[in-house]
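Q: I should like a close look at a single part of this protein, set in the context of the whole. Please describe how that part is paired, whether it is buried or exposed, and what surrounds it.

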Amino acid sequence: MASRTPSGSGMTPPRSSAGITLLAVMVALALTIAVLLAMLTVWWQERAREKQADLLWVGARFSEAIGRYYEAAPDAARRYPERLEDLLEDARLPGTQRYLRKVYRDPITNSAAWGTVAAPGGGIMGVYSLSKAVPIRGAIKGAAGQMDSGAKHYSDWKFSYGPPGEASGGGTKPE
């Protein structure tokens, strides 16, 4: 038997079905939120992996540019750049020599500021991120894989150049 509303203008559904509908809507909403949170986590992790890969690429460009800057001068005049901007245009040699198109931003911090590795005789022999974020384990492949062991923060990754035969070594390495 259906009941009438106070105004007498129609029928209302039984109370038990209204509660079940509300419960079903709440469960559907909870499931939707759970799926969205899972998708957000996956997106966030993928974005972090992209930034890490960008840091490896940019670090390798700095290391190569510092190496080319160092090797461009005759043996007696070889030295490391005093500033990162020296890699944009080398005034030591006749003609214009450029080793980088621009001083890249740190992909992790999105800042133009970099930590620098001092060369033994003065100048800059490498760079590193100033980020204290923890690297994603297992996301490094290839030659840079050596950086995965022992690096607790991105700031532990040093991208430096050392001439062949020097004790400092070259390329990307953890310190």
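A: Of the 175 residues in the protein, 31% are buried in this predicted model. The accessible surface amounts to about 11,000 Å², and carbon and sulfur atoms account for 61% of that area. The protein contains one helix and four strands, which follow one another along the sequence in the pattern α-β-β-β-β. When contacts between residues at least 6 apart in sequence are considered, 47% of them join residues at least 24 apart.

The part chosen for close inspection is strand β2, which comprises residues 124-128. Four of its five residues are buried, so the strand is largely enclosed by the rest of the structure.

Strand β2 has pairing partners in both β1 and β3. With β1 (residues 115-118), the pairing is antiparallel and runs over four bridges; within it, Val117 has Gly126 of β2 as its bridge partner. The two strands form a hairpin, with five residues between them. In the turn of this hairpin, Gly122 adopts a positive phi of about 105°. With β3 (residues 157-160), the pairing is again antiparallel, here over two bridges, and Val127 stands opposite Phe159 of β3. As a general point, side chains in a regular strand alternate between the two faces of the sheet.

The surroundings of β2 include the largest nonpolar core, a set of 27 residues. The residues with the most contacts inside this core are Leu55, Phe62, Tyr80, Leu84, Leu87, Trp114 and Trp157. Three elements, α1, β2 and β3, each give two or more residues to the core, and α1 gives the most, with eight.

Leu87 may serve as an example from this core. Apart from its neighbours within four places in sequence, Leu87 is in contact with Phe62, Ala65, Ile66, Tyr69, Pro81, Arg98, Tyr99 and Leu100. Among these, Phe62 is also listed with the residues that have the most contacts inside the core.

The enclosed strand may be set against a residue of α1 (residues 15-72), namely Trp44. With a relative accessible area of 60%, Trp44 is exposed, because the cut-off for that class is over 50%. Together with Leu29, Ile33, Leu37, Leu40 and Trp43, Trp44 makes a nonpolar surface patch of about 700 Å². Helix α1 thus contains an exposed residue of this patch and also supplies eight residues to the core, to which β2 contributes as well.

Methods:
Residues numbered from 1 in each chain as written. Predicted model: local features only at pLDDT ≥ 70, side-chain atom pairs only at ≥ 80, totals over all residues. Heavy atoms only, no water. Buried < 20%, exposed > 50% of the residue type's maximum accessible area, 1.4 Å probe, protein only. Pairing = 2+ DSSP bridges. Patch = residues over 30% accessible without salt bridge, like charges linked within 9 Å, V, L, I, M, F, W, Y side chains within 5 Å. Areas by Shrake-Rupley, 256 points an atom, 1.4 Å probe, with all protein chains shown as cover. Salt bridge = Lys/Arg side-chain N within 4 Å of Asp/Glu carboxyl O. Contact = heavy atoms within 4.5 Å. Core = buried A, V, L, I, M, F, W, Y, C linked by side-chain atoms within 4.5 Å.
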